[in-house]
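The following questions and answers concern how terms are applied to a predicted model. Each answer sets a value against its cut-off.

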Amino acid sequence: MSTVFFVGAGPGAPDLLTLRAARILGEVDVVIWARSLVDPEILTHAPQAEQIPSDDKTFDDVLAVYKRAAEQGLDVARVHSGDPTLYGTLHEQLGACRALGLDTVIVPGVSSLSAAAASLGQELTIPDVSQSLILTRRAQRTSMPPNEQLTAMAAHGTTMALFLSVRRPRELQQDLLDGGYPPDTPAAVVYKASWPDEIVFRCRLDQLGARIREEKITTQALVLVGPALGDASNAGQSHVYDPHYGHRYRRLGAPDRYKKRA
């Protein structure tokens with residue numbers, strides 16, 4: 001039976017492709033990829049494959065490739081930027097492939113969120129500062145469910161990562177302020193994380209809209225906001241390394257309370 005592999009290409013840098021992804025690319029018959037989002041160097045792992053760009057195609061055009069794969073017994077790698085399970089148009093493709101009788105396999109990729117945090121040089125979950133991370137987007141051309149409005153999510157005051165949300169930066173800034181973030185909340189923008197032309201900047205939330213416009217960023221950027229992006233001077237320390245914190249590899253007190261594993 002033919003298989004469609006939904007392969008995470010990572011955020012941009014070709015060397016952030018996983019070993020599993022590289023192996024699969026070297027084995028499939030067809031690769032479908034987005035030229036606007038995936039570095040072409042990644043295709044060097046698939047010299048044997050028919051390579052089809054997807055950025056000028058509709059869903060029906062891609063579906064036609066899947067139908068041909070089912071008829072001819074071909075394996076396909078559908079290459080997505082970042083991780084395919086995050087804003088990857090994956091749901092409808094999985095349903096279509098399964099209806100055609102194709103096997104489907106998801107190959108995880110390094111998310112642009114991970115790459116953005118690395119570019120900022122920091123952890124996003126900091127003890128006593130922010131232990132929760134909200135991943136969302138602002139309603140623009142794509143609608144949002146009624147219980148996922150940005151102002152309601154902003155009310156939590158924790159770290160938030162906003163995908164696909166920079167086209168109307170002043171409205172984005174106002175939604176976050178209206179939701180309850182203070183004007184001086186730390187914010188950051190990472191454009192094309194891990195690419196050679198990456199742009200990274202930090203600012204206060206009440207400066208966010210102006211800074212995004214100043215940098216002329218309209219796409220392929222991640223916006224982060226929340227207390228963890230500050231100096232975290234009130235941060236605590238992780239309990240994992242506390243000398244009084246025991247677990248099965250560092251037993252303290254009564255050893256009998258730790259279950260033995262073969």
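**Reasoning from values to terms**

Q: Why is Lys-216 called exposed?
A: Lys-216 has a relative accessible area of 73%. The term exposed applies over 50%, and therefore Lys-216 is exposed.

Q: Where does Lys-216 lie, and what is its phi?
A: Lys-216 is placed in the loop between helix H7 (208-214) and strand S10 (221-225). Its phi is near 60°, a positive value in a residue other than glycine. Most residues other than glycine have a negative phi.

Q: What makes Gln-220 partly exposed?
A: The relative accessibility of Gln-220 is 29%. Buried requires a value under 20% and exposed a value over 50%, so Gln-220 counts as partly exposed. Gln-220 also belongs to the loop between H7 and S10, and its phi is near 50°, a positive value.

Q: Why is strand S4 described as largely enclosed by the rest of the structure?
A: Strand S4 covers residues 76-80, and 5 of its 5 residues are buried, so the strand is largely enclosed by the rest of the structure. Val-76, Arg-78 and His-80 point one way, whereas Ala-77 and Val-79 point the other way. In a regular strand the side chains alternate between the two faces of the sheet.

Q: How do you know that S4 pairs with strand S1, and with strand S2?
A: Pairing requires at least two bridges between the strands. Strand S1 (residues 3-8) is joined to S4 by 5 bridges, and the two run parallel. Strand S2 (residues 30-33) is joined to S4 by 4 bridges, again in a parallel arrangement. Both counts meet the requirement, and therefore both pairings hold. Phe-6 has Arg-78 as its bridge partner in S4, and Val-30 stands opposite Val-76 in S4.

Q: What makes the contact between Asp-56 and Arg-35 a salt bridge?
A: The N to O separation of their side chains is 3.7 Å. The cut-off is within 4 Å, so the contact is a salt bridge. The pair links distant parts of the chain, 21 residues apart: Asp-56 is in the loop between strand S3 (50-53) and helix H2 (59-72), and Arg-35 is in the loop between S2 and S3. Arg-35, Asp-55, Asp-56 and Lys-57 are linked in a network of salt bridges.

Q: Why do Asp-56 and Arg-35 receive their accessibility terms?
A: Asp-56 has 53% relative accessibility and therefore counts as exposed, the cut-off being over 50%. Arg-35 has 42%, so Arg-35 counts as partly exposed.

Q: Which term, buried or exposed, applies to Lys-192, and what is its salt-bridge partner?
A: Lys-192 has a relative accessible area of 13%. This value is under 20%, and therefore Lys-192 is buried. Its side chain meets that of Asp-197 in a salt bridge of 3.3 Å, N to O. Asp-197 is partly exposed, with a relative accessible area of 36%.

Q: How many disulfides does the structure hold, and how are Cys-97 and Cys-203 classed?
A: A disulfide requires two cysteine sulfur atoms within 2.5 Å, and by this rule the count is 0 disulfides. Cys-97, at 0% relative accessibility, counts as buried. Cys-203 is also buried, with a relative accessible area of 10%.

Technical notes. Residues are numbered from 1 along each chain as its sequence is written. This is a predicted model: local features need pLDDT of at least 70, side-chain atom pairs count only at pLDDT 80 or more; totals for chains, interfaces and linings use all residues. Side-chain values use heavy atoms; hydrogens and water are left out. Buried means under 20% relative accessible area, exposed over 50%, partly exposed in between (1.4 Å probe, protein chains only).
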